[in-house]
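Let's practise reading side-chain contacts, one small exercise at a time. Have the sequence and the 3D view open as you work.

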Amino acid sequence: MGYGDEIAGMGSESKNAMGGEKYGGNPQFDGDLVEKMSEGERNIYEAGIEKYNRLGWKRLTVVLIVEAIALGSLSIPGSFATLGMVAGVILTVGLGFVAIYTSYVVGQVKLKFPDVAHYPEAGRLMFGRVGYEIIYVMLGLQLLFLTGSHCLTGTIAFINITESGVCSVVFAVVSAVILLLFAVPPSFAEMAILGYVDFVSIIAAILITMIATGIQASDTPAGLSGVNWSAWPKEGITFTDAFIAVTNIVFAYSFAMCQFSFMDEMHTPKDYVKSIWALGLIEIVIYTLTGALIYAFVGQDVQSPALLSAGSMVKRVAFGIALPVIFISGSINTVVLGRMIHGRVFKNSTIRFINTKMGWITWLALITVITWVAFVIAEVIPFFSDLLSISSSLFISGFTFYFPALMWFLLVREGKWNTPKNLMLGALNLCCLLIGLVTLGAGTYASVDDIINNYRSGSVRGVFTCASPE
């Protein structure tokens with residue numbers, strides 16, 4: 001029996017020891033503790049179990065779409081402008097299929113170890129307490145960066161919609177408050193209801209931008225043939241520019257990091273495969289068409305986020321329509337982080353179900369603190385592409401690429417190494433591991449280098465100043 005098989009056995013025993021069969025497979029409560037509860041406490045507990053066990057694969061797909069298809073799609077045309085059409089399409093499609101596979105591996109871990117409620121617990125299975133704490137911090141910081149990036153995008157949206165002279169910090173505060181309000185519902189099943197609005201919002205904003213930029217290009221004297229797009233990377237491209245463009249594409253495929261949390265609410269977890277294929281293919285199509293068409297219509301002058309390229313009036317309309325996706329998608333990251341911290345602090349208390357007065361008080365206090373920290377991050381790194389890039393390099397490289405690869409080697413693999421299946425999957429996961437490690441090292445260097453260069457050149461606003469963010 002290998003290390004992964006030993007852990008599998010421990011997971012099964014752990015579930016039985018905690019009363020998993022009787023109490024909905026909940027890993028957080030000791031079975032004896034539940035038995036000692038008063039009738040009122042047990043009613044709260046059972047209502048909590050029911051509340052967090054309502055997610056089917058279709059709703060999971062919607063929640064994943066809410067979490068995934070947002071800011072990533074707005075950064076890809078800028079990546080195409082840097083990398084060129086050929087490399088842009090290859091990377092967008094290729095990394096998309098890699099992300100589908102690594103998400104499949106994450107789901108396999110969840111099915112094999114049902115007690116894993118979020119990513120850090122998978123880290124515990126691989127590397128013990130140290131792995132748990134490291135991944136816990138990484139996931140927490142990534143979710144903060146994501147909420148911060150949505151706060152920054154909300155600020156950019158309000159500045160462009162209003163075209164007023166109001167200080168940008170005021171709009172940042174307004175964005176943070178809206179993100180906080182959308183994060184109040186603690187259940188992902190409840191968040192899924194907002195997901196339909198979210199999806200329509202981002203698709204409409206992208207289509208408006210595509211149509212507007214296409215019309216603008218057609219109305220120029222040279223027409224579409226006069227747009228200065230290229231199949232190849234732009235002239236004089238630096239390593240920093242190239243890798244920031246790559247990491248912005250990586251950012252677009254970050255859905256695996258919240259998958260454990262989402263699957264923990266599914267009533268039929270094995271159906272997750274349908275969700276990740278549906279989401280993955282939708283993402284690949286949307287990202288490729290968005291990147292290729294807007295780049296072909298605008299050329300090298302395409303901006304990031306892409307809605308800035310739509311012209312004055314259309315840009316205001318597009319940002320207005322995109323507001324739901326900016327704030328709904330941003331708030332779900334707050335919910336994931338809040339649930340992770342709240343569940344840990346109140347591990348053996350019914351407060352963690354957030355269906356009592358104290359549960360709601362602690363929940364509202366927690367998401368308020370999270371949103372405030374995210375607001376600070378948005379003000380400290382007030383430029384869109386670099387904020388996405390450093391987030392991708394430090395965190396998404398792990399959650400989407402090298403951690404799932406390590407999960408396959410340590411937890412999922414079964415049978416002897418020399419079987420054709422294991423040799424093939426071993427090679428595939430080794431490639432995923434290398435993609436993640438290269439993104440971590442080279443991407444972090446490029447992100448930090450560009451941030452330093454931007455501040456040195458004065459091309460971005462200062463921290464907590466009223467100038468428009470980039």
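**Exercise 1.** Decide whether Lys 274 and Asp 271 meet in a salt bridge, and sort each by its exposure.

*Solution.* Keep in mind that this is a predicted model. Step one: the side chains of Lys 274 and Asp 271 come to 3.9 Å, N to O. Step two: the cut-off for a salt bridge is 4 Å, and the pair does count as one. Step three: Asp 271 has 19% relative accessibility and counts as buried, because buried means under 20%. Lys 274, at 44%, counts as partly exposed.

**Exercise 2.** Find out which parts of the chain the salt bridge between Glu 414 and Lys 112 ties together.

*Solution.* Start with the contact: the two side chains meet at 3.6 Å, N to O. Next, place the residues: Glu 414 lies in the loop between helix H15 (384-412) and helix H16 (420-457), while Lys 112 belongs to helix H6 (residues 85-112). The pair therefore ties together parts that are 302 residues apart in sequence. Last, check the surface: Glu 414 is exposed, at 54% relative accessibility. In total, the structure holds 6 salt bridges.

**Exercise 3.** Trace the contacts of Arg 344, beginning with its salt bridge to Glu 133.

*Solution.* First, the side chains of Glu 133 and Arg 344 meet at 2.8 Å, N to O. Glu 133 sits in helix H7 (residues 119-162) and Arg 344 in helix H13 (residues 312-345), so this bridge links parts 211 residues apart in sequence. Second, look for further partners: Arg 129, Glu 133 and Arg 344 are linked in a network of salt bridges. Third, look for a ring: Arg 344 also lies over the face of Tyr 136, 4.6 Å from the ring centre. Finally, compare exposure: Glu 133 is partly exposed at 24%, and Arg 344 is partly exposed at 33%.

**Exercise 4.** Describe how the rings of Tyr 104 and Tyr 272 are arranged.

*Solution.* A ring pair is described by the distance of the centres and the angle of the planes. For Tyr 104 and Tyr 272, the centres are 6.3 Å apart and the planes differ by 25°. Planes under 30 degrees apart count as stacked, and this pair is stacked. Tyr 104 lies in helix H6 and Tyr 272 in helix H12 (residues 272-298), so the pair ties together parts 168 residues apart in sequence. Tyr 272 is buried, at 1% relative accessibility, whereas Tyr 104 is partly exposed, at 33%.

Methods. Residues are numbered from 1 along each chain as its sequence is written. This is a predicted model: local features need pLDDT of at least 70, side-chain atom pairs count only at pLDDT 80 or more; totals for chains, interfaces and linings use all residues. Side-chain values use heavy atoms; hydrogens and water are left out. Helices (H or I, at least four residues) and strands (E, at least two) are DSSP runs, numbered from the N terminus. Buried means under 20% relative accessible area, exposed over 50%, partly exposed in between (1.4 Å probe, protein chains only). Rings of Phe, Tyr and Trp (its six-membered ring) pair if their centres lie within 6.5 Å; planes under 30 degrees apart count as stacked, over 60 as edge-to-face and the rest as tilted. A charge sits over a ring if NZ of Lys or CZ of Arg is within 6 Å of the ring centre and within 35 degrees of the ring normal.
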